[in-house]
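Please read the sequence alongside the three-dimensional structure shown here, and keep both in view while following the account below.

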Amino acid sequence: MSQSTINKSVLITGATSGFGLAAAKKFAQEGWNLILTGRRQERLISLADELSKLTLVYIATLDVRNSEEVTAFVENLPNAFMNIQTLVNNAGLALGTDPSYTAKLSDWHTMIDTNVIGLVNVTHAILPLIVNKEGATIINLASIAANWPYPGSHVYGASKAFVAQFSRNIRADVAGKGVRVTSLEPGLSESEFSLVRFGGDQKKYDSLYKGAQAIQPEDIANIMFWIASQPPHININSLEVMPTSQAWNNFNVIKQ
Ligand code: NDP
Ligand code: 8X3
């Protein structure tokens, strides 16, 4: 089978929950082949069971922080999935909301290793497969935290600022080579993200989302698909999305 006769594939990192899971469903409904990754194998297996009724699904259990695992995964991709048209660099996390002067150093390292090193590992492994491919798309999950400071964001927001600038720099490199790059920057969204950030504190999670009308993973999945479906001559450079209920606050003035 030549590359041109096999279906387009989308590679989604972090497909076991939230945005990645919703994106897997959306791209499957649209007839794309799926390459789904994450660390929780049982979730990948049950997702593959569900979505293989719609399309071809390849799953790989991997930790994006581990460059050897990422390289081996790409080297072992089956032929039917080699026609990668879209990479969704979605795997990521925030840990903690404490201020920087009491935050755990190990949490900072985990966020940098996942959001920065992990995203770099996957991008480096996939770029050679898609460079010069007309209409190929990389969608990198940054955040409003890349653009706007807030207390407790410190390393998380800085890691996402890396993602946003990395997206622009890769875009500069691939100009003229068919590849589009987008920094997608959502605001408050309802997913396991906040449960992870709050160390599993369900009460804190419930109180954050109660009445907030947050973005839902399906909203982001639709936006991802829209980005990937633009005609080849269009590149969405960056896209910041907030729920209507979220907006900026005034600057904080501390009075003595
Ligand atoms: P979820 O917690 O629901 O999903 C995160 C996904 O990342 C999971 O599938 C998880 O899978 C995967 N993941 C985490 N660490 C690793 C790792 N080391 N290796 C491989 N996979 C990993 O969060 P969201 O869907 O909400 O978030 C997705 C992305 O969007 C993240 O990058 C996040 O920073 C960003 N974002 C989220 C927002 C929000 O408010 N929810 C807003 C803006 C951006 P597993 O645990 O199985 O490995
Ligand atoms: C997640 C959005 O506002 O919690 O990236 O930082 S926010």
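The paragraphs that follow turn to the interior cavity and then to the salt bridges of this predicted model.

Beginning with the interior, the count of cavities of 30 Å³ or more comes to one, and the volume of this largest cavity is about 40 Å³. Its lining is formed by T13, V64, N89, N90, A91, T114, G118, L119 and V122, and the element that gives the most to this lining is helix α4, spanning residues 105-130, which supplies four residues. Sorted by class, the lining residues comprise four that are nonpolar and five that are polar, while no charged residue takes part.

Charged residues come into view with the salt bridges, of which the model has five. In general terms, side chains of opposite charge can pair when their charged atoms come close. One of the salt bridges is formed between E50 and K25, whose closest N and O atoms lie 3.8 Å apart; this pair links distant parts of the chain, since E50 belongs to helix α2 (residues 41-51) and K25 to helix α1 (residues 18-29), with their positions 25 residues apart in the numbering. Both ends of this contact are accessible in part: E50 is partly exposed at 39% relative accessibility, and K25 is likewise partly exposed, with a relative accessible area of 30%.

Another salt bridge joins R40 to E192, with the closest N and O atoms at 3.2 Å. Here too distant parts of the chain are linked, for R40 sits in the loop between β2 (33-38) and α2, whereas E192 is in helix α6 (residues 192-197), and the two are 152 residues apart. R40 counts as partly exposed because its relative accessibility is 32%, a value that lies between the limits of 20% for buried and 50% for exposed. E192 falls into the partly exposed class as well, at 26% relative accessibility.

Which side chain meets that of E192 in a salt bridge of 2.8 Å, N to O? The partner is R43, a residue of helix α2 that lies 149 residues from E192 of helix α6, and this pair again links distant parts of the chain. R43 is partly exposed, its relative accessible area being 30%. Through shared partners, the salt bridges join R40, R43 and E192 into one network, in which E192 of helix α6 pairs with R40 and with R43 of helix α2.

Technical notes. Residues numbered from 1 in each chain as written. Chains lettered and ligands numbered in written order. Predicted model: local features only at pLDDT ≥ 70, side-chain atom pairs only at ≥ 80, totals over all residues. Heavy atoms only, no water. 1 Å grid on protein atoms, 1.4 Å probe; cavity = no way out; pocket = protein on both sides within 12 Å on 5 of 7 lines; lining within 4 Å. Points joined across faces, edges and corners; volume = space filled by probe spheres on them. Nonpolar A, V, L, I, M, F, W, Y, C, P; charged D, E, K, R; others polar. Salt bridge = Lys/Arg side-chain N within 4 Å of Asp/Glu carboxyl O. Buried < 20%, exposed > 50% of the residue type's maximum accessible area, 1.4 Å probe, protein only.
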